[in-house]
Amino acid sequence: AVFVTISTDYVFDGKKEGSYTSADTPDPQSVYATSKLEGEMRAAAANPNSIIVRSGWIYGHGGTNFLSVIHRLLGDGKRIKAIRDSYGTPTSAVDLAKRLRDMASKDRSGTFHVTNSGSGTSYFGFAEKLCEIGGYNRDLLEPVNNDDLKRPAPRPSNSRLENTEIPGLPGMQYWEDALREFLKRETKK
């Protein structure tokens with residue numbers, strides 16, 4: 001059997017300019033991030049041929065995070081606070097699942113970064129793009145800073161991941177195109 005484990009962009013401290021590569025040294029800042037990094041290490045120790053995938057900002061049908069539900073909230077006319085100073089690389093759950101299947105079938109081992117392509121965006125940038133693509137009212141968006149929300153667990157201000165090129169597999173689609181496909185699927189329901 002092929003062993004695949006999914007980790008997180010939060011294994012990094014968020015201080016790097018630009019995107020993190022799989023060669024960058026993790027520096028987790030929360031209990032969650034520390035436990036995910038420990039999971040990576042245990043997977044590699046248990047099976048050196050493990051496929052360790054770091055991803056982040058995952059959204060999809062049935063999800064409960066900001067990226068997965070914002071279209072419904074905006075569709076209901078609700079005002080949304082969106083963080084403007086926290087950056088990541090949006091990842092469609094559908095695209096991630098396909099890539100995981102493809103990686104397992106090609107039996108690639110190691111640590112890989114898998115997100116939709118592009119340089120990423122802020123939560124506010126994601127919300128703005130969603131309004132543009134989906135025709136939602138942009139005036140319902142309120143930009144806020146990460147510190148304004150006073151969330152209990154620390155999160156990296158920059159968790160953008162640079163995709164790992166995988167020989168024999170095509171690049172991941174651009175995050176805005178993946179968002180467009182997500183909205184098409186969601187509006188058909």
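**View 1. The buried side of helix 5 in the predicted model.** In this model, which is predicted rather than determined by experiment, the buried residues of helix 5 are W175, E176, A178, L179, F182, L183 and E186. These residues cover an arc of only 155 degrees around the axis, and therefore they sit on the same side of helix 5. An α-helix has 3.6 residues a turn, so residues three or four places apart point the same way. The partners against which the buried residues of helix 5 pack are strand 3 (58-59), helix 2 (66-75), strand 6 (91-92), helix 3 (93-106), strand 8 (121-122) and helix 4 (123-134). The helix runs over residues 175-187, and for these 13 residues a rise of 1.5 Å a residue predicts a span of 18 Å, which agrees with the 18 Å between its end C-alpha atoms.

**View 2. The largest nonpolar core and the residues within it.** This core has 25 residues, and those with the most contacts inside it are Y59, I70, L74, F126, L130, L141 and L179. Two or more residues come from each of helix 2, strand 4 (80-83), helix 4, strand 9 (141-144) and helix 5, with helix 4 giving the most, namely six residues. If residues up to four places away in sequence are not counted, L141 touches I70, L74, R79, I80, F124, A127, E128 and C131. Another core, of 10 residues, lies apart from the largest one, and its members include I51, M103, I166 and L169.

**View 3. The surroundings of S68 in helix 2.** Is S68, a residue of helix 2, buried or exposed? Its relative accessible area is 2%, and because buried means under 20%, S68 counts as buried. A polar atom of the S68 side chain lies 3.1 Å from the backbone nitrogen of G60. When neighbours within four places in sequence are left aside, S68 is in contact with I58, Y59, G60, G63 and F182, and of these F182 is one of the buried residues of helix 5.

**View 4. Helix 1 and its two faces.** Helix 1 covers residues 31-46, and its 16 residues should span 22 Å at 1.5 Å a residue, a value that agrees with the 22 Å separating its end C-alpha atoms. Its buried residues are A33, L37, E40 and A43, and they cover an arc of only 120 degrees around the axis, which puts them on the same side of helix 1. The face turned away from this buried side carries the exposed residues V31, R42, A45 and A46, whereas strand 1 and strand 2 (51-55) are among the elements that cover the buried residues.

**View 5. T5 in strand 1.** T5 belongs to strand 1, which covers residues 4-8, and at 19% relative accessibility T5 counts as buried. Leaving aside neighbours within four places in sequence, T5 is in contact with A43, I51, I52 and V53; A43 is one of the buried residues of helix 1. T5 and L183 are 178 residues apart along the chain, and their C-alpha atoms are separated by 28 Å.

**View 6. The protein chain as the setting for the close-ups.** The chain has five helices and nine strands, which follow one another from the N terminus in the order β-α-β-β-α-β-β-β-α-β-β-α-β-α. Its radius of gyration is 17 Å, close to the 16 Å given by the globule rule for 189 residues, so the chain is as compact as a globular protein of that length. Buried residues make up 43% of the 189 residues.

Technical notes. Residues numbered from 1 in each chain as written. Predicted model: local features only at pLDDT ≥ 70, side-chain atom pairs only at ≥ 80, totals over all residues. Heavy atoms only, no water. Helix = DSSP H or I, 4+ residues; strand = E, 2+ residues; numbered from the N terminus. Expected span 1.5 Å × (residues − 1). Buried < 20%, exposed > 50% of the residue type's maximum accessible area, 1.4 Å probe, protein only. Arc of directions from axis to C-beta. Contact = heavy atoms within 4.5 Å. Core = buried A, V, L, I, M, F, W, Y, C linked by side-chain atoms within 4.5 Å. Polar contact = N/O pair within 3.5 Å; in protein donor to acceptor, adjacent residues only side chain to side chain. Rg over C-alpha atoms; globule rule 2.2 N^0.38 Å.
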